[in-house]
Amino acid sequence: EVIWSLLGPEQKFANSTPILASKKEVHVATNDIIGGVGYDGSGRVGSDSVFVCIGEKSVSLVEPETGKILKNFNLPGEMYVNGSLKPVIYDSLLIFGTANEGVVALDMSKNFAQAWNFKTNPSRIYTVPYSKDFQQTVTGSCLIIGGICYFGANDGYLYAVEAKTGIFVNRLNLGVPILAGPVSAYPAQTTSPTPASSDGEVIYINDFAGRLIKLKLSFKSSL
C-alpha cells in the first residue's frame, strides 16, 4: 500500500538515500513539524524527525508522516548530485559527494550554507549522465572515523580530509575509479570528539577493478 509519494523540486529524489535526522540537528522549529511522528535517535521514526533528501540541485527536509516538504535549500553554485550516495551528518554538517565538485559540507545551523568543499581530480571515467569534461565526481558515501572523513572518488583516489574543515589529510592512489563508499565495522561517527583518533581502525573499499580492499588506518594523517 502506497501511503504517499513525492517528487523533489527538480522532480529528482532518486539520486541519493534519504536519512532521518532530528529537528534539532537540522534546526527546524518545533512548529514546522506536523503530525505525530519524529526521530528517537535509533534510526526509527520517533517523535521529532525529518527526512533529509538530496535532489539533483537541492536539499529538502520532508515530514515523514505526510510527505510535506518543510524546507528546501539550493546547492551552492553549479554543484549537482547524481549518484547512489547516502549523506552523513557530523555535528551540524551534512556531508556528501557531488557529480561535479568533489565533496561538500553544508552547515545545517546556517540554513545549509556551504561550510567547505573539497575538490578531487577530474574523473577517470564519467559515470554521470550528461557529464562534461573535468567533472570531479564522488558517487559513493563518506565515512567518518576519528574526526576524519574518508571517501573514494572517480579519479582513483581514496581521500582523507578533516570532517569539520575539509582540510586535506592524505590520499591513496588505487589506480582505478572508486564508485562506492568505504565501510567500517566501527559505528558511524556523527559527533565529535569521540573517538579521538582513527588509529588502528580498519576500513574496506571496493574499486572499479572489482577488488575488495582492506586498509588499516594509522594515526589520523595516514591511510
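The exercises below work through a predicted model of one protein, each with a stepwise solution. Residues are numbered from 1 along each chain as its sequence is written, and local features need pLDDT of at least 70, side-chain atom pairs count only at pLDDT 80 or more, while totals for chains, interfaces and linings use all residues. Side-chain values use heavy atoms, with hydrogens and water left out.

**Exercise 1. Describe the protein as a whole.**

Step 1: The secondary structure comes to 1 helix and 17 strands, where helices (H or I, at least four residues) and strands (E, at least two) are DSSP runs numbered from the N terminus.

Step 2: Of the 223 residues, 49% count as buried, a term that means under 20% relative accessible area, as against exposed at over 50% and partly exposed in between (1.4 Å probe, protein chains only).

Step 3: Among contacts (heavy atoms within 4.5 Å) between residues at least 6 apart in sequence, 50% join residues at least 24 apart.

Step 4: The accessible surface, from the Shrake-Rupley method with a 1.4 Å probe, comes to about 10600 Å², of which 51% belongs to carbon and sulfur atoms.

**Exercise 2. Decide how many disulfides there are, and examine Cys142 and Cys149.**

Step 1: A disulfide is a covalent bond between the sulfur atoms of two cysteines. The working rule asks for a pair of cysteine sulfur atoms within 2.5 Å, and by this rule the count comes to 0 disulfides.

Step 2: Cys142 is in no disulfide, and the nearest cysteine sulfur, that of Cys149, is 3.8 Å away.

Step 3: As for exposure, Cys142 counts as buried at 6% relative accessibility, and Cys149 is buried as well, with a relative accessible area of 0%.

**Exercise 3. Trace the open sheet that contains strand S1, and follow strand S5 within the sheet.**

Step 1: The sheet has 4 strands in the order S1-S4-S5-S6, with antiparallel pairing; two strands pair if DSSP finds at least two bridges between them.

Step 2: Strand S1 (19-22) and strand S6 (69-74) stand at the edges, each with a single partner strand, so one side of each is left without a neighbour in the sheet.

Step 3: Strand S5 (residues 58-62) runs antiparallel to S6 and is joined to S6 by 5 bridges, and Ser58 has Asn74 as its bridge partner in S6.

Step 4: Ser60 is also found in strand S5 and counts as buried at 0% relative accessibility. The side chain of Ser60 makes a polar contact with the side chain of Asn72 (2.5 Å), a polar contact being a pair of N or O atoms within 3.5 Å; within protein, one must be able to donate a hydrogen and the other to accept it, and residues adjacent in sequence count only if both atoms are side-chain atoms.

**Exercise 4. Work out the surroundings of strand S9 (residues 103-107).**

Step 1: In S9, 5 of the 5 residues are buried, so this strand is largely enclosed by the rest of the structure. Val103, Ala105 and Asp107 point one way, Val104 and Leu106 the other way, and all are buried.

Step 2: Strand S8 (residues 93-97) is joined to S9 by 5 bridges and runs antiparallel to S9, with Leu94 bridged to Leu106. S8 and S9 form a hairpin with 5 residues between them, and Gly102 in the turn has a positive phi of about 70 degrees.

Step 3: Strand S10 (residues 113-118) is likewise joined to S9 by 5 bridges in antiparallel fashion, with Val103 bridged to Phe118. S9 and S10 form a hairpin with 5 residues between them, and Asn111 in the turn has a positive phi of about 55 degrees.
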